[in-house]
Amino acid sequence: MNSSQDTIYATMHDQVADFTFDDRVAGVFSDMIKRSVPGYGQIVNTIGDFAKRLVTHNSQVYDLGCSLGAATLSIRRHIENRQCRIIAVDNSAAMVERCRENLAAYVSNTPVELLCADIRDITFENASLVVLNFTLQFLPPAERDTLLTRIYQGLLPGGALIISEKLRFEDATIQQLIEAQHLDFKRANGYSELEISQKRSALENVMKTDTLEQHYARFAKAGFQHANLWFQCFNFASMVAIK
């Protein structure tokens, strides 16, 4: 999953357009995510470990917002010979094209159905694991409850949902402190003040973050009886909920 260096926001834009997962972003996405999301590699690797524990034989796995296929590949490596199928979904044609290439580079006896589609249009059936890895935050907030309820209904008993998200904090002092830590993380990874500022402007209208409490409330509303945070670094977290 090699990609070029992310320089999308390195030069001044006359007008910063809303962020989209277009061909330009797809081409630098691996570098972008590595330099922007603390713990991303650990999260992806651990999703595979969870899959080894949670995915049952003859079931289905859904990777919603699969981007370049990192989580799908991690899952697939851990569930060989279980007669499962992975359904990987992304609404960006550019991402799906590159994901297809990444998946084809590795041999596996677990088939992957790769769909260029809206995750809100997917029917969930016979699922032992569903993954939303930094995806839900790009869905309109009013539509998040409905998606999680539909996922819950499509999960087998004991099936799990893993959600990774950027968090927001109700306490303004904590929000300011942790946001500052994240910005320093990006600076340490070579992003300039211009890049940080323009990227923030691009995401302002398209990525709406929730608090951890909102996530827990959403799990409970959907029907999950078991849910908890399993990873957090600064304002980036991953949670697991079990039916």
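This passage describes the annotated sites, selected residues and helix packing of a predicted model.

The UniProt record, an unreviewed entry, places a feature named "domain: Methyltransferase" at residues 61-159. This span is 32% helix and 27% strand. Its end C-alpha atoms lie 10 Å apart.

The UniProt record, again as an unreviewed entry, lists a "binding site". The listed residues are Tyr40, Gly65, Cys66, Ser67, Asp90, Asn91, Asp118, Ile119, Asn133 and Arg200. They spread over 161 residues of sequence. They are also spread in space, with C-alpha atoms up to 24.7 Å apart. The largest pocket of the model counts these residues in its lining: Tyr40, Gly65, Cys66, Ser67, Asp90, Asn91, Asp118, Ile119, Asn133 and Arg200.

Two of the listed positions, Ser67 and Asn91, were examined individually. Ser67 sits in the loop that joins β1 (60-64) to α3 (70-78). Its relative accessible area is 10%. Buried means under 20%, so Ser67 is classed as buried. Leaving out residues up to four places away in sequence, Ser67 touches Phe29, Asp90, Met95 and Cys99. Of these partners, Asp90 is also one of the "binding site" residues in the UniProt record. Met95 and Cys99 are among the buried residues of α4.

Asn91 lies in the loop between β2 (85-90) and α4 (93-104). Its relative accessibility is 58%. Exposed means over 50%, so Asn91 counts as exposed. Beyond its neighbours within four places in sequence, Asn91 contacts Cys116, Ala117 and Asp118. Asp118 is also in the UniProt "binding site" list.

Helix α4 has 12 residues. It reaches 17 Å from its first C-alpha to its last, close to the 16 Å expected at 1.5 Å a residue. Its buried residues are Ala94, Met95, Val96, Cys99, Asn102 and Leu103. These pack against α1, α3, β2 and β3 (112-116).

Helix α2 covers residues 40-54. Its 15 residues should span 21 Å at 1.5 Å a residue, and its end C-alpha atoms are 21 Å apart, so the two values agree. The buried residues of α2 are Tyr40, Ile43, Val44, Thr46, Ile47, Gly48, Phe50, Ala51 and Leu54. Tyr40 is also one of the UniProt "binding site" residues. The elements covering the buried residues of α2 include the helices α1 (23-36) and α3. They also include the strands β4 (127-133), β5 (155-166), β6 (226-233) and β7 (236-242).

Two packed helices are described by the angle between their axes and the distance between the axes. The axes of α2 and α3 come within 8 Å. They cross at roughly 35°. The crossing of α2 past α3 is right-handed. On the α2 side, the contact is made by Tyr40, Val44, Asn45, Ile47, Gly48, Asp49, Ala51 and Lys52. On the α3 side, Ala70, Ala71, Ser74, Ile75, Arg77 and His78 take part.

Strand β6 contains Asn228. Asn228 is partly exposed, with a relative accessible area of 46%. Asn228 and Ser238 are 10 residues apart in sequence. Their C-alpha atoms are 8.8 Å apart in space. Setting aside neighbours within four places in sequence, Asn228 is in contact with Tyr216, Met239 and Val240.

Conventions. Residues numbered from 1 in each chain as written. Predicted model: local features only at pLDDT ≥ 70, side-chain atom pairs only at ≥ 80, totals over all residues. Heavy atoms only, no water. UniProt positions renumbered as here; feature names shortened; annotations may be inferred. 1 Å grid on protein atoms, 1.4 Å probe; cavity = no way out; pocket = protein on both sides within 12 Å on 5 of 7 lines; lining within 4 Å. Helix = DSSP H or I, 4+ residues; strand = E, 2+ residues; numbered from the N terminus. Buried < 20%, exposed > 50% of the residue type's maximum accessible area, 1.4 Å probe, protein only. Contact = heavy atoms within 4.5 Å. Expected span 1.5 Å × (residues − 1). Axes fitted to C-alpha atoms, helices over the stretch in contact; angles between N-to-C directions. Left-handed = near helix turned anticlockwise from the far one by under 90°.
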